[in-house]
Amino acid sequence: MRGRLIIISSPSGGGKGTLIKEVRGMMPELAYSVSFTTRQQRFGEEDGREYHFVTRERFEQLIASGEFLEYAEVHGNLYGTSISESEKLFDAGKDVIVEVDVQGAVQIMDKKTVDSIGIFILPPSFEVLKARLTARGTEGEAELRTRLRNAFNEVMHYSRFKYVVINQDVPVASRQMASIIMAERQLLDRQSGAIQGILDSFDASKHQFEL
Ligand code: 5GP
């Protein structure tokens with residue numbers, strides 16, 4: 001069976017980065033799509049690991065060459081998902097996680113060119129979101145305000161997703177995310193090839209029982 005794109009989205013500070021890390025630890029067979037961004041590299045980030053860090057000019061060239069499945073301006077920077085690498089992984093039967101903002105998630109879901117599963121991560125409350133973003137300390141005062149202001153609009157998009165995970169407690173929420181991904185693989189129509197193989201083996205042996 002072809003792999004699928006697992007879209008993980010939430011407001012900034014919703015905890016999706018942490019949850020994705022946990023889930024990848026539990027399910028090492030999952031692939032991860034590294035996005036492109038024009039934002040400044042943060043201390044501790046590595047080019048090609050968290051993001052491909054590019055200039056705005058390079059990003060615009062990538063848009064023009066049709067490299068992106070989706071792209072969006074988020075909190076003043078451009079972010080985009082390249083699909084060419086993921087296509088190869090889908091062909092190899094691998095599911096690929098992509099972390100995108102809500103605009104990007106909606107673009108992917110609307111296009112319907114890629115088989116995807118949408119999971120939205122909600123913080124347990126606005127206060128918790130604010131506390132997490134502040135404690136992270138990766139943004140200055142103005143950037144923090146932008147992200148908090150944008151969160152009001154972002155949470156309203158929850159209804160576009162098939163699944164919602166409330167990130168109150170990381171071990172619980174990450175197990176919920178992993179369960180969703182595993183359950184999606186067990187859907188009957190995702191297993192028709194394997195089921196047919198099993199039924200064929202029954203069919204080939206039924207003469208032994210005079211059926
Ligand atoms: P950060 O700057 O904190 O790493 O990310 C800011 C926002 O951009 C987050 O909501 C993150 O999910 C989103 N983001 C990261 N990669 C992509 C992408 O490829 N496309 C879109 N649309 N958003 C992305």
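User: New to this one. Which strands each supply at least two residues of the shell around the ligand?
Analyst: β5 (68–74) and β6 (77–82) do. Bear in mind that this is a predicted model.

User: How many residues surround the ligand, and which are the closest?
Analyst: There are 17 residues around the ligand. The closest are Ser35, Arg39, Tyr51, Glu70 and Tyr79.

User: What's the mix of nonpolar, polar and charged in that shell?
Analyst: Eight residues of the shell are charged. Five are nonpolar and four are polar.

User: Let's get to atoms. How far is an oxygen atom of the ligand from an N or O atom in the side chain of Tyr51?
Analyst: That distance is 2.5 Å.

User: And for the side chain of Ser35?
Analyst: There, an N or O atom sits 2.7 Å from an oxygen atom of the ligand.

User: What about Arg42?
Analyst: Arg42 has a polar side-chain atom 3.0 Å from a ligand oxygen atom.

User: How much of the ligand's accessible area does the protein cover?
Analyst: On its own, the ligand has 520 Å² of accessible area. The protein covers 96% of that.

User: Which pocket is the space taken by the ligand?
Analyst: The ligand takes up the space of the largest pocket.

User: What's the volume of the largest pocket?
Analyst: About 1,100 Å³.

User: How many residues line the largest pocket, and which lie nearest its centre?
Analyst: The lining has 42 residues. Nearest the centre are Gly17, Arg42, Tyr51, Glu99 and Arg136. Arg42 and Tyr51 came up earlier: each has a side-chain atom by a ligand oxygen, at 3.0 Å for Arg42 and 2.5 Å for Tyr51.

User: Which elements give two or more residues to the lining of the largest pocket?
Analyst: Three helices and two strands: α1 (16–26), α5 (126–136) and α6 (141–155), plus β5 and β6. Both of those strands also contribute to the shell around the ligand.

User: Which one gives the most?
Analyst: α1, with six residues of the lining.

User: How does the lining of the largest pocket divide by class?
Analyst: It has 16 polar, 15 charged and 11 nonpolar residues.

User: Switching topic. What volume does the second largest pocket have?
Analyst: About 170 Å³.

User: Which residues line the second largest pocket?
Analyst: Arg4, Ile108, Met109, Lys112, Val114, Ser116, Ile117, Gly118, Lys162 and Glu184. By class, four are nonpolar, four are charged and two are polar.

User: Which elements each supply at least two residues of that lining?
Analyst: α4 (102–111) and β8 (116–122). β8 gives the most, with three residues.

User: Now cavities. How many of 30 Å³ or more does a search of the whole structure find?
Analyst: One. The largest cavity holds about 30 Å³ of space.

User: What lines the largest cavity?
Analyst: Arg2, Gly3, Arg4, Leu5, Glu87, Phe90, Thr113, Val114 and Asp115. Arg4 and Val114 are also among the residues lining the second largest pocket.

User: And how many of the cavity's lining residues are charged, polar or nonpolar?
Analyst: Four are charged, three are nonpolar and two are polar.

Conventions
Residues numbered from 1 in each chain as written. Predicted model: local features only at pLDDT ≥ 70, side-chain atom pairs only at ≥ 80, totals over all residues. Heavy atoms only, no water. Near = heavy atom within 4 Å. Polar contact = N/O pair within 3.5 Å; in protein donor to acceptor, adjacent residues only side chain to side chain. Areas by Shrake-Rupley, 256 points an atom, 1.4 Å probe, with all protein chains shown as cover. 1 Å grid on protein atoms, 1.4 Å probe; cavity = no way out; pocket = protein on both sides within 12 Å on 5 of 7 lines; lining within 4 Å. Sits in = over half its atoms within 2 Å of the grid points. Helix = DSSP H or I, 4+ residues; strand = E, 2+ residues; numbered from the N terminus. Nonpolar A, V, L, I, M, F, W, Y, C, P; charged D, E, K, R; others polar. Points joined across faces, edges and corners; volume = space filled by probe spheres on them.
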